[in-house]
Amino acid sequence: MIELRASTIDGDEMDRGVFTTKTIKRDELIHEAPVIPYPNSEHPHIEKTMLADYAFEYGENHSAFLLGYGMMFNHSYTPNAYYRINFERHTFDFYAVRDIEKDEEIFINYNGDIDIDDPLWFDKEEE
């Protein structure tokens, strides 16, 4: 249903993204990404590495790394997918906002909700 390919956003061959291998219907589950949580008190150590750009908030007191394709979805303020945190199963579950055509790159809003357009850390660095 999904696979990694060179992303369409920058044209750099090292930039990868998640793409569909078939049409995905609106509200269809795209991917369940297992979570590796860590306490927020450990995040200053992560900040010293490139992994800091891939960490997700996981509740009030934790951050998390996502396995599978979870950390490979690229950002858009007009995403075609969203995620829900499933604390019971310790997964981030990714769903289609609308029908996503075969071979289309899948984007999420890194702000969490699809309609929040607050600047992200990498936007702030460019200012």
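Okay, let's start with a term: a salt bridge here is a side-chain nitrogen of Lys or Arg within 4 Å of a carboxyl oxygen of Asp or Glu. Keep that in mind, and keep in mind too that what you see above is a predicted model.

So, the first pair. E3 and R5 form a salt bridge, and their closest N and O atoms are 2.7 Å apart. That fits the 4 Å cut-off I just gave. As for how covered these two are, E3 counts as partly exposed, at 31% relative accessibility. R5 is partly exposed as well, at 26%.

Now stay on R5, please. R5 also forms a salt bridge with D103, and there the closest N and O atoms are 2.8 Å apart. Look at where the two partners sit: R5 is in strand β1, residues 2-6, while D103 is in the loop between β8 and β9, and this pair links distant parts of the chain, 98 residues apart. Put the pieces together and you get E3, R5 and D103 linked in a network of salt bridges.

While we're at D103, let me add a couple of things. D103 is partly exposed, with a relative accessible area of 41%. Its phi is near 75°, which is a positive value in a residue other than glycine.

How many salt bridges does the count come to? Seven, by this rule. I'll show you one more of them. The side chains of E32 and R89 meet in a salt bridge, at 3.1 Å from N to O. E32 lies in strand β3 and R89 in the loop between β7 and β8, so this pair ties together parts that are 57 residues apart in sequence. E32 counts as partly exposed, at 35% relative accessibility. And the general idea behind these pairs is that side chains of opposite charge can pair when their charged atoms come close.

The loop between β7 and β8 has another residue to look at, H90. Phi of H90 is near 55°, again a positive value in a residue other than glycine. H90 counts as partly exposed, at 44% relative accessibility.

Okay, let's go inside. In soluble globular proteins, nonpolar side chains tend to be buried together. In this model, the largest nonpolar core has 25 residues. Which residues have the most contacts inside it? Those are I30, L66, F92, F94 and I106. The elements giving two or more residues to this core are β3, β5, β7, β8 and β9. The largest share comes from β3, with four residues.

Let's take I106 from that list and see what's around it. Setting aside neighbours within four places in sequence, I106 is in contact with I2, V18, F19, T20, I24, I30, F73, N74, N80, A81 and I100.

You'll have spotted N80 among those contacts of I106. N80 is found in the loop between β6, residues 74-75, and β7, residues 81-86. Is N80 buried or exposed? Buried, because its relative accessibility is 3% and the cut-off for buried is under 20%. The side chain of N80 reaches the backbone oxygen of E105 at 2.9 Å. Beyond its neighbours within four places in sequence, N80 has contacts that include Y95, V97, R98, E104 and F107.

Here's another buried residue, S63, with a relative accessible area of 8%. S63 lies in strand β5, residues 62-66. Which side chain does the side chain of S63 make a polar contact with? That would be the side chain of N40, at 2.9 Å. Other residues in contact with S63, leaving aside those within four places in sequence, include P37, Y38, H43, F56 and Y58. I36 is in contact with S63 too. The C-alpha atoms of S63 and I36 are separated by 8.5 Å, and the two residues are 27 residues apart along the chain.

Last stop, back out on the surface. M50, L51 and Y54 form a nonpolar patch there, with about 310 Å² of accessible area together. M50 sits in the loop between α1, residues 43-46, and β4, residues 56-57. M50 is exposed, because its relative accessible area is 64% and exposed means over 50%.

That's my tour, so over to you for questions.

Note on methods
Residues numbered from 1 in each chain as written. Predicted model: local features only at pLDDT ≥ 70, side-chain atom pairs only at ≥ 80, totals over all residues. Heavy atoms only, no water. Buried < 20%, exposed > 50% of the residue type's maximum accessible area, 1.4 Å probe, protein only. Contact = heavy atoms within 4.5 Å. Polar contact = N/O pair within 3.5 Å; in protein donor to acceptor, adjacent residues only side chain to side chain. Patch = residues over 30% accessible without salt bridge, like charges linked within 9 Å, V, L, I, M, F, W, Y side chains within 5 Å. Areas by Shrake-Rupley, 256 points an atom, 1.4 Å probe, with all protein chains shown as cover. Core = buried A, V, L, I, M, F, W, Y, C linked by side-chain atoms within 4.5 Å.
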